[in-house]
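Student: I have a protein model open on my screen, and I would like to learn how to read its features one after another. Could you take me through it slowly?

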Amino acid sequence: MAKAKKFYVVWVGHEPGVYTDWGKAKSQIDGYKGAKYKSFPSRAQAEAAYANSFGNYIKTAASGIKKPSSHPRSRQKAPRRGNAPSTPTIISQSISVDAACSGNPGKMEYQGVTTSGKKQLFHRAFPLGTNNIGEFLALVHALAFLKGQDMPDLPIYSDSQIAIGWVKKGKCKTTLARSKKTAELFEYIDRAEAWLKANKVTNPIYKWDTKGWGEIPADFGRK
């Protein structure tokens with residue numbers, strides 16, 4: 001019988017986060033004085049516990065209060081900004097996306113990176129577009145990327161409430177006109193909308209708290 005998979009939370013260590021491999025998790029606590037860590041049976045439980053901080057998790061466990069649900073959509077209640085939910089603290093095991101535009105409309109590009117480490121996972125550029133379109137395409141690209149990696153519950157961060165709303169509605173509500181210059185861009189938009197129509201979104205999408213955390217890891221640094 002196969003051994004049940006576990007997920008490991010490192011609250012305090014060399015590099016805090018949620019790990020799927022004990023060897024990697026162990027390397028974060030080895031030699032670290034006062035390291036705080038624990039294993040969980042599901043990724044959702046581990047991420048909820050990590051987002052809740054070690055101190056709060058221990059208080060919850062000790063008092064017998066019901067712990068966060070294992071379902072990715074019903075995990076710890078998070079503060080809201082507009083219509084986009086956020087998280088109390090940064091979930092390091094996640095993807096962050098962002099877009100940049102030189103003029104609006106203008107030359108546009110977007111990218112997705114690992115929230116922890118800022119490793120670029122994908123990048124696209126277009127000769128003419130808008131920032132909102134880029135944010136929308138980045139989110140859909142991240143969703144499709146994670147589906148291809150068989151990671152249906154890994155969180156995604158975006159700092160665009162508008163783009164998150166468009167994804168929820170399955171429609172890029174841009175006013176940018178279709179033209180020869182935007183032909184390739186609209187081909188991507190059409191494909192993104194078709195993907196959203198054909199696929200169920202399971203990855204949690206959270207609003208990045210720019211005021212509290214600074215610029216999102218995927219930021220292009222051109223402000």
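Student: To begin with one residue, in which strand is Asp98 found?

Tutor: Strands (E, at least two residues) and helices (H or I, at least four) are DSSP runs, numbered from the N terminus, and Asp98 is found in strand β6. Please keep in mind that this is a predicted model, in which local features need pLDDT of at least 70 and side-chain atom pairs count only at pLDDT 80 or more, while totals for chains, interfaces and linings use all residues. Residues are numbered from 1 along each chain as its sequence is written, and side-chain values use heavy atoms, with hydrogens and water left out.

Student: How many helices and strands does the protein chain have?

Tutor: The protein chain has seven helices and 10 strands. Burial is read from relative accessible area: under 20% is buried, over 50% is exposed, and what lies in between is partly exposed (1.4 Å probe, protein chains only). By that rule, buried residues make up 45% of the 223 residues in the protein chain.

Student: How should I read a sheet, and in what order do the five strands of the open sheet come?

Tutor: Two strands pair if DSSP finds at least two bridges between them, and the order tells you who stands beside whom. Here the order is β8-β7-β6-β9-β10, with mixed pairing. The edge strands, each pairing on one side only, are β8 (120-129) and β10 (205-207). Direction ignored, neighbouring strands of this sheet are turned by 20 degrees against each other on average.

Student: In what sense do β7 and β8 pair?

Tutor: Strand β7, residues 106-114, pairs with β8 in the antiparallel sense, over seven bridges, and Tyr110 stands opposite Arg124 in β8.

Student: Which helix packs on the sheet, and which strands does that helix touch?

Tutor: Contact means heavy atoms within 4.5 Å, and angles, which run from 0 to 180 degrees, are taken between the N-to-C directions of axes, that is, lines fitted to C-alpha atoms, for helices over the stretch in contact. Helix α4 (residues 131-148) packs on the sheet and touches β6 (95-103), β7, β8, β9 (156-158) and β10, while its direction makes about 150 degrees with that of β6. Helix α6, residues 183-198, lies across β7 and β8 and runs at about 130 degrees to β8.

Student: What is a nonpolar core, and which residues of the largest one touch the most other members?

Tutor: In soluble globular proteins, nonpolar side chains tend to be buried together. A nonpolar core is a set of buried Ala, Val, Leu, Ile, Met, Phe, Trp, Tyr and Cys residues joined through side-chain atoms within 4.5 Å. The largest one here has 33 residues, of which Tyr110, Phe136 and Leu137 touch the most other members. At least two residues of this core come from each of β6, β7, β8, α4, α5 (161-169) and α6, and α4 gives the largest share, nine residues.

Student: Is Val167 in helix α5 buried or exposed?

Tutor: Val167 has its place in helix α5, and its relative accessibility is 6%, so Val167 counts as buried. Not counting residues up to four places away in sequence, Val167 touches Phe136, Leu139, Val140, Leu143, Leu196 and Ile205.

Student: Which residues does the UniProt annotation "binding site" cover?

Tutor: Such annotations may be inferred rather than shown by experiment; their positions are given in the numbering used here and feature names are shortened. This one, from an unreviewed entry, covers Asp98 and Asp219. They span 122 residues in sequence, yet no two of their C-alpha atoms are more than 5.7 Å apart, so they gather at one spot. Asp98 is buried at 2% relative accessible area, and Asp219, in the segment after α7 (210-213), counts as buried at 19%.

Student: Where should I look for unusual backbone geometry?

Tutor: Most residues other than glycine have a negative phi, and most peptide bonds are trans. In this model a cis peptide bond joins Asn104 and Pro105, with omega about 15 degrees, and Pro105 lies in the loop between β6 and β7. Lys118, not a glycine, has a positive phi of about 55 degrees and is found in the loop between β7 and β8, where Lys118 counts as exposed at 55% relative accessibility.
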